[in-house]
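Q: I am new to this structure and would be grateful for a close look at a single part of it. Please take one helix and explain how its residues are arranged.

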Protein chains: 2
Amino acid sequence: MPVGFSPEEMQRIDAVVEKRRRVRQGEALYNNGDDFTALYAIRSGFFKTCVTSNDGREQVTGFQMAGEVIGMDGIVNDNHNCSAVALEDAEVCVMPFTMIEEMSRDLPALQRHVHKIMSREIVRENGVMLLLGNMRAEERLAAFLLNLVQRLHARGLSQSELVLRMSRDEIGSYLGLKLETVSRSFSKFSEEGIIEVRQRYVKILAPDALKKIFNPQTYV
Amino acid sequence: MPVGFSPEEMQRIDAVVEKRRRVRQGEALYNNGDDFTALYAIRSGFFKTCVTSNDGREQVTGFQMAGEVIGMDGIVNDNHNCSAVALEDAEVCVMPFTMIEEMSRDLPALQRHVHKIMSREIVRENGVMLLLGNMRAEERLAAFLLNLVQRLHARGLSQSELVLRMSRDEIGSYLGLKLETVSRSFSKFSEEGIIEVRQRYVKILAPDALKKIFNPQTYV
DNA sequence: CGCCGCTTTGAGGAGGTTCAAACACAGTGG
DNA sequence: CCACTGTGTTTGAACCTCCTCAAAGCGGCG
């Protein structure tokens, strides 16, 4: 959330953010087609968002963690275009979008903040498109791990150890790979001593090797 | 642009939109890294937007035509995250973003409009991710052609004939395929009597067949 | 006409998928 | 306590799609 508001302003902002909602592991915060009413700020827990083609193929479009905002997909058509499912028990702030719009008319800093959040999502998706369109399996997985650990580190967690909240299948869906390919790539990294893997526990032993895989040119 | 404004409001909106800029074929409207100052509404012409990885791989993230707005990628970091290149001579409205923000504080309908445009872009990119992550070459190309012709049709052009503004290479980059694969898929469609192709001229002979390829399940 | 960029087409190869089986681990119940 | 089940993961082998490399074709323009 942005900073630099007066006490009264903070009070108004708090009002938007006061409503909470708990989502249990496996439950959806919202589903494709649901009416759009609010954006959600994740207070705790871990989500995946995914879209589905009408013949049933699913694409995970992102994994979101505490501090991130989801639901922007619903604004265009007043109903959600994707589903957000909790990968672990979670709590979110429900921020009614009409209130956000109302307030951001009075508070330029908030307005700018909202715009930045949406723009950040556009830029993130540009990056995923680059990954899906150009990278090979191991590059994708390296990029994924580096991104994940970097975000976790920004939240005070380790920059080398992590416990994946999602299955191989969900990683594969996000990266445009089959779960077997994800598993094989994990094994390969492990054999090469780059990471240590035991199920969902991952320890990054050689972050530079991962970065080199992700972006070969830089290190040649 | 939204509707339902009073005369004075329209006047203010016109002021935002009054500045024009011409971009010749092959020139960039903005480049990756450029300072972000404005959004651009395309008045005429055709653009591609693309991101580049630091080892030089390029991913076309979209093709944009008259009536569409580009530049939202620049809002987060106050500089552009991708490049927008004209594929044919083009003219855009330069809409300074500070003016957009200022005005949308006064005009809720404009504010909502801005939000929708950004949300639409997020949703569009979700769709591309689904395409890149799940579809095979011919499905991608079918989806691409159908999307293109639908957008052209919405602008009063034919719903069966079109002239591609982009090369096979650019189509391939957008679809996560090599140009040869794009070319082969075109040829395959042509052999099957689904389309007629001569270089960049394409005529869709059997739109239903294309739709069937794009989304097999629906027609089984 | 001859050059150049783009496109088409072919042949061979690589990376990822598919199918299948075995394994790990958590939870359940005898 | 341990076998039993179910879900998720790993690993192997065969296959397929798409990529790579190469050459020829097309079309526009000086």
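Which residues are exposed on the other side of H6(B), away from its buried residues?

A: The model is a predicted one, and the account below concerns helix H6 of chain B. On the side of H6(B) in question, B:Arg184 and B:Glu191 are exposed, that is, over 50% of their relative accessible area remains open to the probe.

The buried residues of H6(B) are B:Val182, B:Ser185, B:Phe186 and B:Phe189. Because these residues cover an arc of only 100° around the axis, they lie on the same side of H6(B). Their packing partners all belong to chain B: helix H4 (137-154), helix H5 (168-175), strand S8 (195-198), strand S9 (201-204) and helix H7 (207-214).

The length of the helix can be examined as well. H6(B) comprises 13 residues, 179-191, and at 1.5 Å a residue it should span 18 Å; the C-alpha atoms at its ends are 18 Å apart, so the two values agree. After H6(B) comes B:Gly193, which has a positive phi, near 75°.

The setting of chain B completes the picture. Chain B is superposed on chain A by a rotation of 180° with 0.0 Å of shift along the axis, at an RMSD of 0.0 Å. This is the relation of a two-fold axis. The same surface serves both copies, since 98% of the contact residues of chain B recur in chain A. Within chain B, the residue that comes closest to the rotation axis is B:Arg105, whose C-alpha lies at 2.1 Å.

How values were computed
Residues numbered from 1 in each chain as written. Chains lettered and ligands numbered in written order. Predicted model: local features only at pLDDT ≥ 70, side-chain atom pairs only at ≥ 80, totals over all residues. Heavy atoms only, no water. Helix = DSSP H or I, 4+ residues; strand = E, 2+ residues; numbered from the N terminus. Expected span 1.5 Å × (residues − 1). Buried < 20%, exposed > 50% of the residue type's maximum accessible area, 1.4 Å probe, protein only. Arc of directions from axis to C-beta. Contact = heavy atoms within 4.5 Å. Least-squares fit on C-alpha atoms with pLDDT ≥ 70 in both.
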